[in-house]
Amino acid sequence: MSKDTIKSELETVLNSMKRQQLNAGPASAQLRKDRLQRSLKLIRDNHKALVNAMNEDFGHRSAYQTTIADLATSCGLLQHAIDNLDSWMQAEQTTAPDPEMRTEIQFQPLGVIGVISPWNFPINLAFGPLAGIFAAGNTAMLKPSELTPKTSDLLAELVGRYFSYDELTVVLGDADVGQAFSGLPFDHLVFTGSTAVGKHVMRAAAENLVPVTLELGGKSPVMVAKQADLTKAVERTLTIKTFNSGQICLSPDYVLLHEDQPQAFKDLSIDFMARTFPTIQQNPDYTAIINERHYQRLVSLLEDARQKGAEVVNLGAENEPAYDANSRKIAPHLVLGATDDMAIMQEEIFGPLLPIRLYQEESDAVHYINAHPRPLAAYYFNEDTAAQERFAQQTTSGALVINDVMTHVSIDELPFGGVGPSGMGAYHGIHGFRQFSHAKPVVTQSEQGTSNLRLRAPYADKMADLEAFFNS
């Protein structure tokens, strides 16, 4: 099928959804809650099938990681929207310049929203945005990743079972379909993925002046202060670095560590991994890399770092291979002495590899963070509250977590999004509701119409009043 044919067919679907939504009128609170509840039911009723599909797509994916991060978290976001929808939908009252004038902000549905979701959390990063989209009264077209075909096929089947075509439609296909999808005249477009692809998506959306929400990732740093609790920093960082084998946009991408501490960090890492993942290759708790291409890319990053002088430390068991092409499982590795000429410091890793870059003064580490593109998140370990505040003021990131890693994403009240190269726009909770709503100011003029009268000719007396104002 040609690209023009693909785009034409998708436009037909979108135009039909737009017409249906206009004919139906604004979605009531009851209908919005019903859509959210059906989303919740879809996940709950089919959680085992979804776990199995993702396991097949990854080759092996920890059932616990899928259940807690993809399914339970999505259910939490949907339930949070159901519980708070009535208050979110209330118009925001504002102070009017005239006591008899009424001014407010009403939150109006945008229309039909496009969602391009990625492979690493194919349910969470589809239904996370959909929680806000449905809450705001919109309908949606969803393009899931072709890299998780079993999950995408199952999702399309389930959506067809729980939703009418004009409420939620799933579009399956490869990169050509994704390219055509991103060029459709949606009322808003949500994309989760790499910064490089995000640029193409934004460029395509701009052709139709479609506003975008981009969640793009980047290299999220972990800065460990010299006086920090090093055990805490190691354990909490590696907990997230090994979750989904580091295939998370918010995964810690590198560590900034004081030059006196690399040996202690290494020893603590080895001890922690021996307790949490005593084996890798046959461990059901440890997830495989999504496909051969990403597996080979990660192995190449390790080899490049080793050839350029880094100390590469395998944190896996001594009696099994550090990585296996058949299982596509790569043991966690530290890359000590990482430098900027290494490929591992030049791209988002998206795997269980953790470069360690050393600093002498904390100001040097802050300068290093600020000299690079603003990350989706920054993680800072230090018990000193003054230092915490200083780090927060001196750095800019999509989010900041102090003395932990990635905690913010599970707190429904907080916005989730990037800044600059790591993304634009945010959702989760009320922030998703407002991101996918039009905040429409509504003014009801007073009986006297004071603000109108002051613009009515003749102007001589009014001009005298203005002159007196400026001369006072």
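User: Two strands pair if DSSP finds at least two bridges between them. With that in mind, in which sense do β8 and β9 pair, and over how many bridges?
Analyst: Happy to help! Just keep in mind that this is a predicted model. Strand β8, residues 221-224, runs parallel to β9 in their pairing, and three bridges link the two. One residue pair to look at is V222, whose bridge partner in β9 is V255.

User: And how many residues of β9 are buried?
Analyst: Five of its five residues are buried, so strand β9 (residues 254-258) counts as mostly covered, where buried means under 20% relative accessible area. Its side chains go two ways: Y254, L256 and H258 point one way, while V255 and L257 point the other, and all are buried.

User: Cool. What order do the strands take in the open sheet?
Analyst: The order is β5-β4-β3-β6-β7-β18, which makes six strands with mixed pairing. At the edges you find β5 (168-170) and β18 (423-424), each pairing on one side only.

User: Which sense does β18 take next to β7?
Analyst: Antiparallel, over two bridges, with β7 covering residues 212-215. For a spot to click on, try E215, whose bridge partner in β18 is G423.

User: Switching topic: how many aromatic pairs are there?
Analyst: The structure holds 11. In one of them, the ring centres of F181 and F186 are 5.0 Å apart and the planes meet at 45°, so this pair is described as tilted. F181 is buried, at 0% relative accessibility, and F186 is buried too, with a relative accessible area of 4%.

User: What about F277 and Y286, how are their rings arranged?
Analyst: F277 and Y286 form an edge-to-face pair, with 5.3 Å from centre to centre and 80° between the planes. Both residues are buried. There is also an aromatic cluster, made up of F58, W119 and F350.

User: Now the empty spaces. How many cavities of 30 Å³ or more are there?
Analyst: The count comes to one. The volume of the largest cavity is about 50 Å³. Its lining includes L77, H80, W88, G128 and H428, and α4, α5 and α14 (429-435) each give two or more residues to that lining.

User: What kinds of residues line the largest cavity?
Analyst: Five are nonpolar, six are polar and none is charged.

User: And the second largest pocket, how much space lies in there?
Analyst: About 390 Å³. Its lining has 21 residues, and A69, T73, F243, M406 and V409 lie nearest the centre. By class, 13 of the lining residues are nonpolar, six are polar and two are charged.

User: Which helix gives the most to that lining?
Analyst: That is α4, with three residues. The elements supplying at least two residues each are α4 (63-88), α5 (124-135) and α9 (230-241).

User: Last one: where does S410 sit?
Analyst: S410 is in the loop between β16 (400-402) and β17 (416-417). A polar atom of the S410 side chain lies 2.9 Å from the backbone oxygen of T407. In sequence, S410 and G76 are 334 residues apart, but from C-alpha to C-alpha they are 8.8 Å apart in space.

Key
Residues numbered from 1 in each chain as written. Predicted model: local features only at pLDDT ≥ 70, side-chain atom pairs only at ≥ 80, totals over all residues. Heavy atoms only, no water. 1 Å grid on protein atoms, 1.4 Å probe; cavity = no way out; pocket = protein on both sides within 12 Å on 5 of 7 lines; lining within 4 Å. Points joined across faces, edges and corners; volume = space filled by probe spheres on them. Helix = DSSP H or I, 4+ residues; strand = E, 2+ residues; numbered from the N terminus. Nonpolar A, V, L, I, M, F, W, Y, C, P; charged D, E, K, R; others polar. Phe/Tyr/Trp six-rings, centres within 6.5 Å; stacked < 30°, edge-to-face > 60°. Buried < 20%, exposed > 50% of the residue type's maximum accessible area, 1.4 Å probe, protein only. Polar contact = N/O pair within 3.5 Å; in protein donor to acceptor, adjacent residues only side chain to side chain.
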